[in-house]
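Q: Please take a close look at one buried residue, and then set its surroundings within the wider fold.

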Amino acid sequence: MPPTVSQSRIIVALDYPNAESALDIVDRLNPTLCRLKVGKELFTRTGPELVRELNRRDFQVFLDLKFHDIPNTVAQACRAAADLGVWMVNVHAQGGRKMLQAARDALVEYGDQRPLLIAVTILTSLGTEDLIEVGLQGTPADNVLRLAKLTKDCGLDGVVCSPQEAGSLRSQLGSGFQLITPGVRPAGAAADDQRRVMTPGQAVSAGASYLVVGRPITQAADPIAVLTAINDEISGLTR
Ligand code: C5P
């Protein structure tokens, strides 16, 4: 049974190589102030037991494994994520309509305990030349919009996007569609390896529903202070 305590729009990225270091930072967070993201490295090293442990600690978990396979396999993987009690799970929109619909249909049986199902459109690491090389015409922005529309058409809950894409996607896809944005930095924080960042307030004002924030929180001397400041900055802003 997933925990249901957080109203926060902040998802803290647990980019760690083992459970010990992930739980060290989790010990310094509070499930009423954030949710958590578990990605490929941490999940591959620790397995589902870490997700169960985070749920036992009342944290809602975004399982960021970006499933991309034939429809039956992705549907079963989404069921496995739902059985694990995750709050949000994601797939690659490039898996196509049948795969997206199979993922959505697989989660119907979970009713109001169903995880949110979102899609990745175009990885931000890909430029126009990379897309041409894999047979996709147009700019990354063209492809993001086309795949986000397909995602919505297939009945998924939203997409991961950069804060720069949030405004256009919000206006073209409407208010009910979830936009999850990494690349967020509080004013004055180091950009690290993020190339184009927005502040939390800017991202939410542009249309972001949830913000994925890693190092500005996990490497802070006082993570709760940073979380509280971000929550205060975005409280009251519409999404
Ligand atoms: O530490 P930082 O705030 O940069 O972490 C951002 C998180 O969001 C990381 O887990 C990173 O892998 C993820 N992410 C990203 N950019 C994307 C997609 C995911 O930064 N386009």
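A: Threonine 218 is buried, at a relative accessible area of 12%, where buried means under 20% relative accessible area, exposed over 50% and partly exposed in between, with a 1.4 Å probe and protein chains only. The model is predicted, so local features need pLDDT of at least 70 and side-chain atom pairs count only at pLDDT 80 or more, while totals for chains, interfaces and linings use all residues. Residues are numbered from 1 along each chain as its sequence is written, and side-chain values use heavy atoms, with hydrogens and water left out.

Threonine 218 belongs to helix 10 (residues 215–218); helices (H or I, at least four residues) and strands (E, at least two) are DSSP runs, numbered from the N terminus. Leaving aside residues up to four places away in sequence, threonine 218 touches Val12, Ala13, Tyr16 and Ile25, contact meaning heavy atoms within 4.5 Å.

In the wider fold, eight strands form a closed barrel in the order 1-2-3-4-5-6-7-8, with parallel pairing; two strands pair if DSSP finds at least two bridges between them. The twist averages 25° from one strand to the next, with axes fitted as lines to C-alpha atoms, for helices over the stretch in contact, and angles running from 0 to 180 degrees between N-to-C directions. Within the barrel, strand 3 (residues 61–67) pairs with strand 4 (residues 88–92) in the parallel sense over three bridges, and phenylalanine 67 has valine 91 of strand 4 as its bridge partner. Helix 5 (residues 97–107) lies across strand 3, strand 4 and strand 5 (116–120), at about 160° to strand 4.
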